[in-house]
Amino acid sequence: MSLKKISQLNKISQARDSHAEAVNSRLSRNFREKVTMVGAKCPAVSYKVYYPRIKKCADGTYIMFNQDSRVSACVYYAKSYDGLYYSNRQPLFNASLTVRDDGEEDKLCYASCDAIVLKSGKILAFASYRYNKGYVLDAKYSGLLMKVSEDNGSTWSKEKLIYLGRNWEPHAIQLESGEVQVYFSHTAPKFYLDKTVRTDSKIHTSSGSAMLRSLDEGESWEPYVMAPPYAAHRVTQNYVETMENGTKIFTNQMPVALALNNGDIALATESDMAVGRFMLTMSYSNDNWARPLDIDEDGPKDKQAAFAYGAGPYLAQFESGETVLAYNTLDMYHIRMGDGCARNFTEDRMFIAFDEKHGYWGSILTDSSHSLLVAMPNVRETKDERGRIIGCDNDMMIERYYLNHDIRAEKYEGGKAWDRCGDALFAGGKCRAQISLRVAYDEDNLYVRVDRVDDVLEHRDGEKIFISCGDGFITCDYSLEGEDYCTYNARKVKDIAISTTLYGKLDGPAFSDNGAVTEIKIPRKYIGDADTIGIYAKLKDYCGDNCVTDGFPGIDENDKDTYYKVSLK
């Protein structure tokens, strides 16, 4: 009976969208899997780092893209084996001096890089480029570039222009058909047609979001846009105002798309509705954006426009169906869970990551069937008396979260259930002590196994398990030294057996691989013929007289309806 960490569990494939309609799925932070890279010291980033984007490569390694400064001149990348610790960063899109077609000297700058790992293993990386001085003169002095890696990010192709025109914040997806799509803030057309937008509009721009398609892994793109009016395939825009000269202004920018398990496409954008703060808009397509929007058309018809305050959105989905929306509001990284259609991102399933540290332009990545990697810079900017940024001292923060949702029990078969690494629930966000819980059953008993990872094992450390079944309610409260107290409907019972195997010495020295495995055997009479139970667990971690308690996030131990369901069939 070896001790298991949560990263070693939940390895059995589940049916796609098995939890698409679940309303109690939650994310549990892993206190042990978080890193802050000090910008002034860590060679993977810099003290000016912004805009992290992390992808998992075909060989299982990770690659992180980032930039220096808000508007950026150069884009960098760094590699990792675990998604948390990264190698020295290297330039990917490197700023250079150049001469524009009008003969003026200028600087070629790059920003807002994002990437996609294709099914073939190729990595396509995209960045917005601009002429530093020419950007404000003409829409043609900006564009969208792509680089390709066929060796998991070790080497890269030359850059390739795929779109000419003002743009920001590209993001790419690949559909089941193999089609690749790149979305971006679509500011070029209105800027080309009416330069007074920059001075006369309430929001000083008109964007909306548009996209390009590729059916050959990025070799060619449609529409082919290399000339005025620089119009790509418009997919979403919210009407804001009509200026005095009749020009209509739209918003919806910084798009992040998600090819949903059900075949639809969801698109998250930030919207400047001239209300003083950005808002979030979700747009949807069930026909692969068959028709582009007209230049002055508010759309698409299926969208949730400006439904909450927020900016810089990012989307992800688990194979079990749950979707995740991450965004900034009040300079803190908020995360909400939604359903399999990327809807119902309700506040009751919202939390703030990174201990409420301040920053923006973060990203998320589902890097396994049950884990989510979250990245955001810890931004510390200094400003002058006019509010202009004159310095920064940023760090890079990365955390991994694990998905908790209703699970299945395994058939016990003499303990073989534990070898199959079945569904597990996890608590481990408050301290280095953490637990993973699994359930098994046979005709005679219900079995609960708790794997505890804990640097220092103290005799009072332990767990408390709560099990609901119809009118029955079981509690098992135990310590690692062997004390236990079990009840059924508040009456003490003695025929629930609890056994613990220690990995380390009680009240002994600290080792990171210390822990304990506890198996609880509950006679079947306490749950009858039920094929479903509810379960909740919390740990107790002592350090002297101080005790930290931690349990499954979002669960109320006094409300059985909030417990996770365990299927016994």
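Let's start with strands 21 and 22: strand 22 covers residues 323-329, and five bridges join it to strand 21 in an antiparallel arrangement. To find one of those pairs on your screen, look for Tyr 314, whose bridge partner in strand 22 is Ala 326. Please keep in mind that what we have here is a predicted model.

These two strands belong to an open sheet of four, in the order 21-22-23-24, with antiparallel pairing. Which strands are at its edges? They are strand 21, residues 311-317, and strand 24, residues 350-352, and each of them pairs on one side only. Ignoring direction, neighbouring strands in this sheet are turned by 20° against each other on average.

As a general reminder, strands of a sheet pair through backbone hydrogen bonds, and they can do so in a parallel or an antiparallel way.

Now scroll back along the chain to another sheet. This one is open too, with four antiparallel strands in the order 2-3-4-5. Its edges are strand 2, at 49-56, and strand 5, at 90-93, each pairing on one side only. Here the twist averages 30° from one strand to the next. Strand 4, residues 75-80, is linked to strand 5 by three bridges, in the antiparallel sense. If you would like a landmark for that pairing, Tyr 77 stands opposite Gln 90 of strand 5.

That takes us to the nonpolar cores. The largest has 42 residues, and the members touching the most other members are Phe 65, Leu 92, Phe 126, Ile 162 and Tyr 163. Which strand gives this core its largest share? Strand 8, residues 123-131, does, with seven residues. Let's zoom in on Phe 65. Leaving aside residues up to four places away in sequence, its contacts include Tyr 51, Pro 52, Tyr 76, Leu 92, Cys 113 and Trp 156. Tyr 77, our landmark from a moment ago, is also among the residues that Phe 65 touches. Apart from this core lies another one, of 40 residues, and among them are Ala 409, Ile 435, Ile 522 and Val 566.

My last stop is strand 29, residues 395-404, and one of its residues, Glu 399. First, its partners. Strand 1, residues 26-38, runs antiparallel to strand 29, and nine bridges join the two. Within that pairing, Leu 27 stands opposite Leu 403. Strand 26, residues 371-378, also pairs with strand 29 in the antiparallel sense, over eight bridges. There, Ala 375 has Ile 398 as its bridge partner.

So how many residues of strand 29 are buried? Ten of the ten are, so the strand is largely enclosed by the rest of the structure. Remember that in a regular strand the side chains alternate between the two faces of the sheet. In strand 29 both faces are covered: Asp 395, Met 397, Glu 399, Tyr 401 and Leu 403 are buried on one side, and Met 396, Ile 398, Arg 400, Tyr 402 and Asn 404 on the other.

And is Glu 399 itself buried or exposed? Its relative accessibility is 3%, and the cut-off for buried is under 20%, so Glu 399 counts as buried. Its side chain makes a polar contact with the side chain of Arg 29, at 2.7 Å. Not counting residues up to four places away in sequence, Glu 399 also touches Glu 33, Lys 34, Ala 353, Phe 354, Leu 372, Leu 373 and Val 374.

Thanks, everyone!

Note on methods: Residues numbered from 1 in each chain as written. Predicted model: local features only at pLDDT ≥ 70, side-chain atom pairs only at ≥ 80, totals over all residues. Heavy atoms only, no water. Buried < 20%, exposed > 50% of the residue type's maximum accessible area, 1.4 Å probe, protein only. Polar contact = N/O pair within 3.5 Å; in protein donor to acceptor, adjacent residues only side chain to side chain. Contact = heavy atoms within 4.5 Å. Pairing = 2+ DSSP bridges. Axes fitted to C-alpha atoms, helices over the stretch in contact; angles between N-to-C directions. Core = buried A, V, L, I, M, F, W, Y, C linked by side-chain atoms within 4.5 Å.
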